Every structure is written in structure tokens, then in C-alpha cells.
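Work through the exercises below with the coordinates open. Each has a task and a stepwise solution.

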Amino acid sequence: RPSRGSSPRCGATRQPGPTGRRAAMEAAASDAPPSDDPGAAPRSPGKAASPAPAPSALHWPELDLNTEPLQGARWAAAPRDRLRALIVTQISAFARRPYLADEAGAVASLAAGLEHSLADDFCWSLCFLPAFVLRLCREGFLPICSEIAGGSGLYVLLPKLHAQRCVLDLDALRVQRSTRRRARAYTLTLNHAFRAVAEGCVEQHGENWLYPPMRGALWALFEARGERRGGPWPLTVAASVELWDAEGNLVAGELGCINGACYTSFTGFHRVPNTGVLQLAATGRLLQAAGMALWDLGQDFPYKRQLGARLVPRVEFLERLRGARDTRTELHARLAEGEPGLGPLNALEVIMGRLDGGPGPGAGDSGPASPMAGGGGARA
């Protein structure tokens with residue numbers, strides 16, 4: 001399954017190649033004091049980037065909403081304004097994109113009509129403060145992280161507002177018969193294995209946009225989620241969806257954001273053929289049963305169209321998001337009760353809507369019965 005929200009290549013034509021650009025940028029910042037961050041060792045100019053770390057070796061910064069993850073060791077102590085000037089000088093594409101310095105800058109840009117004036121899909125920022133990332137999610141951006149010049153350890157945030165957003169009205173969700181036939185052998189959970197899902201995404205796609213600063217920010221948002229944690233905008237929370245086989249193996253999953261009555265999928269993975277589609281179908285039915293109105297799927301792919309998704313212009317998407325993000329659903333109520341997550345739930349029962357013990361609708365019926373009565377403790 002293609003990665004949702006996959007990172008773009010952020011270089012510009014007629015600029016030095018990655019090795020040359022990295023050497024030039026490191027030379028320009030060479031008088032910056034060294035960092036004592038033990039989590040990232042500096043690279044020599046011109047050295048090829050190492051492969052993505054094995055999932056078990058991923059570094060997870062431990063942060064709260066108001067603690068910002070560090071850049072790589074070579075850049076951690078450099079002033080942000082200096083890094084911004086360096087990036088703009090070396091990569092012309094960044095000079096053309098709106099720069100969002102922080103939360104206030106993002107709010108001001110939106111108030112000034114950013115959704116109408118944005119020339120392509122991307123803004124950019126050097127701020128990875130979890131509270132800022134949360135605000136971006138609330139405002140409809142996909143928070144993508146990219147590494148400048150591959151292997152440099154210098155990361156930028158690329159808040160993405162697609163000119164055409166792929167969305168699914170949940171009453172239009174379609175589930176294929178072949179998917180239903182496979183579903184009985186699998187179990188669905190919500191918020192039981194956030195880190196394991198992220199590691200599965202890195203295993204399948206490489207670090208891609210899940211670089212250390214983004215992992216740290218998303219983990220902080222997940223840890224601070226929900227009304228019972230007292231975070232800002234309690235209806236906007238990071239989430240993970242997990243699909244397990246009968247032996248308890250995690251075979252598919254995704255990271256996303258619950259934003260009132262809108263759910264945004266960030267990225268996903270699968271380890272067994274067809275389990276990615278199954279996880280998506282069960283997730284859609286779960287969202288539908290919880291009273292969610294809109295499923296934001298980000299970038300357009302054919303498999304999303306097969307579920308019933310369609311493209312809508314940026315302005316229309318943001319209007320719908322703003323109308324949904326302050327709606328409290330059954331899902332919020334359940335997750336605010338102190339439960340560690342939702343499930344385990346049989347995937348077929350989720351898809352067919354029989355979780356309340358009733359007969360459930362027939363195949364192809366819209367709107368399953370509520371699965372909120374289904375429960376169970378967190379998976380070990």
C-alpha cells in the first residue's frame with residue numbers, strides 16, 4: 001500500500017546534488033557550536049546516508065507538548081533564523097514557499113487567505129514543537145517531515161494543504177465482498193500499539209517523513225491526547241489503528257489524527273497481502289459507527305477511490321473540516337472514559353456491524369450498528 005502523506009523530494013532543479021548541497025550547508029554552518037545531543041552523531045560531508053534503522057533501533061524522543069525535538073547533532077545549536085537563511089540560499093524552492101515560523105504565524109497566514117493564495121501544496125517550517133504540530137493538524141495540514149540533502153541531519157517540516165484533497169464521506173464507504181470474506185480471521189484495535197505501527201511504517205517505507213523530530217512530536221501528541229489528559233483542543237488527537245492476525249501478530253496498521261468528526265489518515269503499512277485493504281475497510285466502518293462524518297485520506301490513490309473516496313478542492317475541504325472539528329463523537333466519549341484504547345474487535349464484526357449482538361445490516365447496507373459496546377483490554 002503506498003504511504004499516505006509520503007514525503008516529497010524537496011530539492012530544486014539546477015541546485016547542487018545532495019552530496020554537494022550537504023557539504024556546502026555543513027561548511028556554512030561549521031562555526032556553530034557542537035551539540036551534546038547523544039541521539040544523533042554528525043556525518044562527514046559527502047558520506048552517503050545510512051539505511052533506515054531497524055524498527056527495534058528507532059529513537060523516540062520523549063517530549064511534552066511544549067518541548068521541541070532537536071535537529072541532528074550538527075544543527076541542534078544553530079539559531080533557527082540562521083538555518084532558515086541557509087536553506088533558502090541553498091534550495092530555491094523554499095524561497096517560494098510560505099514560511100510558518102510558529103503557531104501564531106500559521107494562524108496569521110490562514111487568516112490572510114493562505115488556502116486561496118498557496119501556489120502549490122506546501123508551506124515549510126523549522127518548528128517541530130508538538131503543540132504547533134497539533135495546531136497544524138487541527139487546521140487541516142498534513143504535517144510532513146523531510147531531511148534536507150539526504151543524510152545531513154537537518155530536518156524541515158512541510159505542512160501540506162493539497163490543492164485537491166482525497167476525502168470519503170463515510171456514508172459512501174464501499175467494502176468489497178472479497179475483503180469481507182477475509183476479515184473473520186483478524187482483530188482490529190485503536191490506540192493499542194502506536195509505536196509498533198510507526199515502526200511498521202518505517203520497516204515498509206523507510207524513515208520517509210517519520211524522521212526523529214516528527215516521531216517525537218507525534219508521540220508527544222499521542223501521550224497528551226484526549227479530554228482526560230487536559231490537552232488543548234481535546235477533540236483533536238493523534239491515533240493509531242492496528243490489525244492483528246489470529247496468532248497476535250501485528251499485520252497492518254496506520255497512524256492518523258481524530259479531528260472532531262473528521263479522521264485523517266497519515267500513513268500505513270501491511271506485512272501480509274490484502275491486510276492493508278482489510279484494515280482500511282474495518283477502520284472506515286468503525287469511524288462510520290462512531291458518528292464520524294468525514295474521512296480525510298490526503299493524497300489521491302486508486303485504492304482510496306475503490307473505497308468510495310473522491311477529490312475535493314482545498315477550500316471545500318477546509319470548510320467541511322471546520323464544520324466537523326468541534327463535534328464530539330462516540331469515539332471521543334469512549335476514549336475519554338479512561339480506556340487505554342478501543343478493542344480488540346473482530347474485523348468481520350466491525351465491517352458487518354454486528355458488535356452489539358444484533359443481526360447487523362446485510363452486505364452493502366450503509367451504516368453498521370455501533371461497535372462502541374464492544375470492549376476488551378489493551379493487547380499485551
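The protein has 14 helices and 10 strands. The model is predicted.

**Exercise 1. Confidence**

Task: Find which stretches have pLDDT below 50, and state how many contacts the model gives them.

Solution.
- Step 1. Start with the whole chain. The mean pLDDT is 81, and 75% of the residues reach 70 or more.
- Step 2. Go to the start of the chain. Residues 1-17 have pLDDT below 50. Beyond near neighbours in sequence, this stretch has 65 contacts in the model.
- Step 3. Move on to residues 27-55. There the pLDDT stays under 50. The model has 42 contacts for them beyond four places in sequence.
- Step 4. Draw the consequence. Where pLDDT is low, the coordinates should not be read in detail.

**Exercise 2. Global fold figures**

Task: State what share of the residues is buried, and what share of the contacts with a separation of 6 or more joins residues 24 or more positions apart.

Solution.
- Step 1. Take burial. Of the 380 residues, 56% are buried.
- Step 2. Take the contacts with a separation of 6 or more. Residues 24 or more positions apart account for 77% of them.

**Exercise 3. A helix pair**

Task: Classify the crossing of α6 and α9, and describe the residues in contact by class.

Solution.
- Step 1. Locate the helices. Helix α6 covers residues 130-138, and helix α9 covers residues 212-223.
- Step 2. Fit the axes. They come within 9 Å and cross at roughly 80°.
- Step 3. Apply the cut-off. Angles of 65 to 115 degrees count as roughly perpendicular. Therefore α6 is roughly perpendicular to α9.
- Step 4. List the contacts. From α6 come Pro130, Val133 and Leu134. They meet Ala217, Ala220 and Leu221 in α9.
- Step 5. Sort by class. The contact of α6 with α9 has 6 nonpolar, no polar and no charged residues.

**Exercise 4. Two helices with a buried side**

Task: For α12 and α4, find which residues are buried and what arc they cover.

Solution.
- Step 1. Recall the geometry. An α-helix has 3.6 residues a turn, so residues three or four places apart point the same way.
- Step 2. Take α12, residues 314-324. Arg314, Phe317, Leu318, Leu321 and Ala324 are buried. They cover an arc of only 130° around the axis, so they sit on the same side of α12.
- Step 3. Turn to the opposite face of α12. It carries the exposed residues Glu319 and Gly323.
- Step 4. Take α4, residues 103-111. Its buried residues are Ala106, Ser109 and Leu110. They fall within an arc of 100° seen down the axis, so they line one face of the helix.
- Step 5. Turn to the face of α4 away from its buried side. Ala104 and Ala111 are exposed there.
- Step 6. Find the cover. What covers the buried residues of α4 includes α5 (114-117), α6 and α12.

**Exercise 5. Backbone exceptions**

Task: Find where a cis peptide bond occurs, and where Asn208 and Asn274, each with a positive phi, lie.

Solution.
- Step 1. Set the expectation. Most residues other than glycine have a negative phi, and most peptide bonds are trans.
- Step 2. Check omega. The bond from Gly343 to Pro344 is cis, with omega near 10°. Pro344 is in strand β10, residues 342-346.
- Step 3. Check phi at Asn208. The value is positive, about 50°. Asn208 lies in the loop between α8 (194-205) and α9. Its relative accessibility is 21%, so Asn208 counts as partly exposed.
- Step 4. Check phi at Asn274. The value is positive, about 75°. Asn274 lies in the loop between β7 (262-270) and α10 (275-289). Its relative accessibility is 42%, so Asn274 also counts as partly exposed.

**Exercise 6. Across the sequence**

Task: Is Arg215 buried or exposed, and which residues is it in contact with beyond four places in sequence?

Solution.
- Step 1. Place Arg215. It is in helix α9.
- Step 2. Test burial. The cut-off for buried is under 20% relative accessible area. Arg215 is at 2%, so it counts as buried.
- Step 3. List the contacts. Beyond four places in sequence, they are Leu58, His59, Trp60, Glu207 and Leu210.
- Step 4. Follow His59. It lies in the loop between α1 (18-28) and α2 (80-90). His59 is partly exposed, with a relative accessible area of 39%.
- Step 5. Compute C-alpha separations. Arg215 and His59 are 156 residues apart in sequence and 8.4 Å apart in space. His59 and Pro212 are 153 residues apart along the chain, with C-alpha atoms separated by 6.7 Å.

Note on methods:
Residues are numbered from 1 along each chain as its sequence is written. This is a predicted model: local features need pLDDT of at least 70, side-chain atom pairs count only at pLDDT 80 or more; totals for chains, interfaces and linings use all residues. Side-chain values use heavy atoms; hydrogens and water are left out. pLDDT is the predictor's confidence in each residue, from 0 to 100. Contact means heavy atoms within 4.5 Å. Axes are lines fitted to C-alpha atoms, for helices over the stretch in contact, and angles run from 0 to 180 degrees between N-to-C directions. Helices (H or I, at least four residues) and strands (E, at least two) are DSSP runs, numbered from the N terminus. Angles under 35 degrees count as roughly parallel, over 145 as roughly antiparallel, 65 to 115 as roughly perpendicular and the rest as oblique. Ala, Val, Leu, Ile, Met, Phe, Trp, Tyr, Cys and Pro count as nonpolar, Asp, Glu, Lys and Arg as charged, and the others, Gly among them, as polar. Buried means under 20% relative accessible area, exposed over 50%, partly exposed in between (1.4 Å probe, protein chains only). The arc is that of the directions from the helix axis to the C-beta atoms.
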